[in-house]
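Reader: I should like to learn how unusual backbone angles and nonpolar cores are read in a model. Would you take me through them in order?

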Amino acid sequence: MIINRYLIRELAMPLVTVTAILTVIFMSYNAVRYTSDAAAGLLPADTVIYLTLLRSLIAIEVLLPVALYLSVVLGMGRLYSDNEMVVLQATGISELRVVRSVLWLSLAVAIVVASLSLAVRPWAYQQSYFLKAEAEADFNLDKLEASQFYSAEESGTVIFVERINKREKRLEQVYFFRIKNRKVDIINARQAWQPVTDPYKSPELQFLDGTLYQVDLDGTLDLTLKFGELSVLLKPDDEYLERYRSKSAGTRELVGSSDPDDMAELQWRLTTPVTTLLLGILGVPLSRSAPRSGRYSKTIVAALVFALFYGLNVVAKTWVEQGVVGVIPGVWWPHVLLGLLVIVLLLWPALRPRIRS
């Protein structure tokens with residue numbers, strides 16, 4: 001019991017450290033990504049914070065298994081480097097018992113990962129889609145620059161301005177494109193500006209001297225309109241906000257669905273705790289090293305193994321989404337390969353003498 005607690009403690013400490021480092025790196029990456037949109041006027045500053053937190057919450061389901069894997073490799077590497085594993089083996093503590101201790105820690109992390117994948121992931125995606133659509137519907141025209149396209153992907157809006165009259169705060173030769181409620185609006189106007197409106201109402205864009213081309217995607221009511229002045233409300237597409245997406249759908253909604261995207265998403269969520277368990281156990285045989293060889297001697301090998309597995313995992317999910325493979329083998333075959341690798345590496349010390357003979 002004392003040995004088990006000691007091993008778990010030695011692995012839990014680097015787990016917390018590695019998780020914190022990976023989370024900070026990922027949050028920094030997302031913050032830079034969304035800050036660039038904010039600088040271009042596509043997102044308000046407070047939305048950047050919320051989107052960064054939501055995206056980081058989604059990423060933890062991947063970062064935690066990676067952190068556990070690296071913590072096992074690093075923690076066990078230190079035990080080998082400092083001869084502690086030699087001492088443990090001399091006192092009758094086999095590698096199987098070490099695996100058992102790692103399995104308990106991996107199981108605890110897998111439960112957290114399963115909760116994140118099955119419940120938190122769809123909620124976070126739903127919130128991020130809504131926030132981004134709401135934010136991108138409100139262009140901050142003061143930050144636009146001339147001769148550049150600005151695309152708000154989530155809200156389906158694109159704007160291009162040839163010139164900007166900064167003294168009058170007006171845009172000149174404006175091209176505006178938007179998809180909303182099954183209609184495509186294309187506006188070509190001589191000028192545009194954003195009037196001061198009630199902050200509690202939807203923002204609007206005022207166009208002067210131009211043409212509106214409205215294309216009905218259902219093919220019934222196309223429209224061409226020349227105007228002197230035209231006001232367009234910059235609110236998000238209702239259809240976009242209500243659109244069904246596999247990533248934001250509840251896990252119960254995905255069960256039983258025959259849609260390839262739904263099947264891929266459901267299997268992805270179900271495989272994350274399995275990934276956590278396999279990676280945690282895999283770290284034990286991968287950390288084997290000679291005494292005094294250095295605690296980081298197997299880190300590069302471990303990183304390469306994970307990179308290969310993660311790449312295969314992404315390929316498997318893509319194949320299911322594209323209908324290349326069905327529910328079986330689905331996204332499970334990389335985990336089967338990883339499981340076989342774990343078994344071979346754990347049994348390798350016993351198999352090696354037989355192979356040589």
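Author: The backbone comes before the cores in what follows. This is a predicted model, in which local features need pLDDT of at least 70 and side-chain atom pairs count only at pLDDT 80 or more, while totals for chains, interfaces and linings use all residues. Residues are numbered from 1 along each chain as its sequence is written, and side-chain values use heavy atoms, with hydrogens and water left out.

Reader: Which residues does the cis peptide bond join?

Author: Most peptide bonds are trans, and most residues other than glycine have a negative phi. Here a cis bond links Ile 328 to Pro 329, with omega about 5 degrees. Pro 329 sits in the loop between α8 (299–321) and α9 (333–356); helices (H or I, at least four residues) and strands (E, at least two) are DSSP runs numbered from the N terminus.

Reader: Where does Gln 173 lie?

Author: Gln 173 lies in strand β3 (residues 170–180) and has a positive phi of about 50 degrees. Its relative accessible area is 23%, hence partly exposed (buried is under 20%, exposed over 50%, partly exposed in between; 1.4 Å probe, protein chains only).

Reader: How many residues has the largest nonpolar core?

Author: In soluble globular proteins, nonpolar side chains tend to be buried together. The largest such core (buried Ala, Val, Leu, Ile, Met, Phe, Trp, Tyr and Cys residues joined through side-chain atoms within 4.5 Å) has 35 residues, and Tyr 69 and Leu 282 are among those with the most contacts inside it. The most comes from α2, with 10 residues.
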